[in-house]
Amino acid sequence: HKWRRGYSEQPPNGESLENVVSRVKTYFDEEIIHSINNPNIKNVLIAAHGNSLRALLIVMNIYTSIEINSVELSTGVPIHIIFDNNNFSIK
């Protein structure tokens, strides 16, 4: 597919996945992880577009930047991620 590029390849007038990972990591570290670690919050719902979700899976160390290229994310299909012993995994 023409739209599928490598991790650091930036499309014209767009962001590479590497750029998105950097942006998502900042938001994850500043906002999302606090909700995940809050004992009063049982579940955290994150809704995002494909590349942001791919970046999030990299930030959570579920996939590497190399592995994510072969991961297909279906539109509208939830991904159930478990956080246990400071590790994220897909249920």
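**Close-up views**

**View 1. Around L17.** Leaving aside residues up to four places away in sequence, L17 touches Y7, N51, R54, A55, I58 and I68 (contact here means heavy atoms within 4.5 Å). Before going on, note that this is a predicted model, in which local features need pLDDT of at least 70 and side-chain atom pairs count only at pLDDT 80 or more, while totals for chains, interfaces and linings use all residues. Residues are numbered from 1 along each chain as its sequence is written, and side-chain values use heavy atoms, with hydrogens and water left out.

**View 2. The largest nonpolar core.** Zoom out from L17, and you are looking at a core of 18 residues. A nonpolar core is a set of buried Ala, Val, Leu, Ile, Met, Phe, Trp, Tyr and Cys residues joined through side-chain atoms within 4.5 Å. Which residues have the most contacts inside the core? They are L17, F28 and F88. Helices α1 and α2 (50-59) each supply at least two residues of this core, and α1 gives the most, with eight residues. Helices (H or I, at least four residues) and strands (E, at least two) are DSSP runs, numbered from the N terminus.

**View 3. An edge-to-face pair, F28 and F88.** The structure holds two aromatic pairs; rings of Phe, Tyr and Trp (its six-membered ring) pair if their centres lie within 6.5 Å, and planes under 30 degrees apart count as stacked, over 60 as edge-to-face and the rest as tilted. In the pair shown here, the ring centres of F28 and F88 are 5.9 Å apart and the planes sit at 70°, so the pair is edge-to-face. F28 belongs to helix α1 (residues 17-37) and F88 to strand β2 (residues 87-90), so the pair ties together parts that are 60 residues apart in sequence. Are F28 and F88 buried or exposed? F28 is buried, and so is F88, where buried means under 20% relative accessible area, exposed over 50%, and partly exposed in between (1.4 Å probe, protein chains only). For F88 the relative accessible area is 16%.

**View 4. A tilted pair, F83 and F88.** Here F83 meets F88, 4.5 Å centre to centre and with 35° between the planes. F83 counts as partly exposed, at 29% relative accessibility. F28, F83 and F88 make up one aromatic cluster. F83 and F88 also meet through the backbone, as F88 in β2 is the bridge partner of F83.

**View 5. The hairpin of β1 and β2.** These two strands run antiparallel, joined by four bridges; two strands pair if DSSP finds at least two bridges between them. The hairpin has two residues between the strands. N85 sits in the loop between β1 (81-84) and β2, and N86 is in the loop between these strands as well. Neither is a glycine, yet phi is positive in each: near 55° for N85 and about 60° for N86. Both loop residues face the outside: N85 is exposed, with a relative accessible area of 65%, and N86 is exposed too, at 64% relative accessibility.

**View 6. The largest pocket.** How much space lies in the largest pocket? About 830 Å³, a volume being the space filled by probe spheres set on grid points joined across faces, edges and corners. On a 1 Å grid over the protein atoms alone, a pocket is an open set of points where a 1.4 Å probe fits, with protein on both sides within 12 Å along at least five of seven lines, and lining residues have an atom within 4 Å of a point. The lining of this pocket has 28 residues, of which V44, L45, I46, I79 and I81 lie nearest its centre. The elements giving two or more residues to the lining are α1, α2 and β1, with the largest share, four residues, coming from α2.

**View 7. S16, just ahead of α1.** S16 lies in the segment before helix α1. S16 counts as buried, at 2% relative accessibility. Not counting residues up to four places away in sequence, S16 touches Y7, S8, E9, Q10 and P11.

**View 8. R23 and L56.** R23 is found in α1 and is partly exposed, with a relative accessible area of 43%. How far apart in space are R23 and L56? They are 9.8 Å apart, C-alpha to C-alpha, and 33 residues apart in sequence.
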